[in-house]
Amino acid sequence: MNSEEFWALVESARAGIDDRPDDGGEAIAEALTERLVATSPTDILDFEERFDRLQDALYRWDVWAAAYLISGGCSDDSFMDFRAGVIALGRDWYERVLASPIRWPTTRRSGRRPSTVPTRRSSPSW
């Protein structure tokens, strides 16, 4: 699975759900699972490998600082969930956070925080 296929799958899953502010990422996790089950075992492993690489790229202190500011605190587990949530927001948000994570809390302040980014009060089970 190449990068374009990965992000197309994430965007497809996002398009198939409504934005539920308090579901902790459950809707996107279910939508991704449904789509992945319909693919081959190789595609599932490729998705996981690409997901892990993207999540690892976000494992930086500046991203953790943004997560801390957005969530009002951020433990190790919460940071893992936060990074998964950023990926679940899609390529555009992922690239924004990767490029300048500390600006993200202020750019989102004017609008509503994306619902798939976990806070202390909600964290996805994926």
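A charge is taken to sit over a ring if NZ of Lys or CZ of Arg is within 6 Å of the ring centre and within 35 degrees of the ring normal. In this predicted model, Arg 83 lies over the face of Phe 79, at 4.8 Å from the ring centre. A second arginine, Arg 96, is placed over the face of Trp 93, where the distance from the ring centre is 4.3 Å.

The structure holds eight aromatic pairs. One of these joins Trp 64 and Phe 79, whose rings are stacked, with 4.4 Å centre to centre and 10° between the planes. Trp 64 belongs to helix α4 (residues 61-71) and Phe 79 to helix α5 (residues 76-88), so the pair ties together parts that are 15 residues apart in sequence. Trp 64 and Phe 79 are both buried. Phe 79 therefore has the ring of Trp 64 as its stacking partner under the pairing cut-offs of 6.5 Å between centres and 30 degrees between planes, and the side chain of Arg 83 lies over its face.

One aromatic cluster is formed by Phe 6, Trp 7, Phe 47, Phe 51 and Tyr 94. Within this cluster, Phe 6 is located in helix α1 (residues 3-15). Phe 6 counts as buried because its relative accessibility is 0%, against a cut-off of under 20%. Apart from neighbours within four places in sequence, Phe 6 is in contact with Met 1, Phe 47, Arg 50, Phe 51, Leu 54 and Ile 87. Phe 47 and Phe 51 are thus contacts of Phe 6 and members of the aromatic cluster. The C-alpha atoms of Phe 6 and Arg 91 are separated by 9.4 Å, although these residues are 85 residues apart along the chain.

Terms used. Residues numbered from 1 in each chain as written. Predicted model: local features only at pLDDT ≥ 70, side-chain atom pairs only at ≥ 80, totals over all residues. Heavy atoms only, no water. Phe/Tyr/Trp six-rings, centres within 6.5 Å; stacked < 30°, edge-to-face > 60°. Helix = DSSP H or I, 4+ residues; strand = E, 2+ residues; numbered from the N terminus. Buried < 20%, exposed > 50% of the residue type's maximum accessible area, 1.4 Å probe, protein only. Contact = heavy atoms within 4.5 Å.
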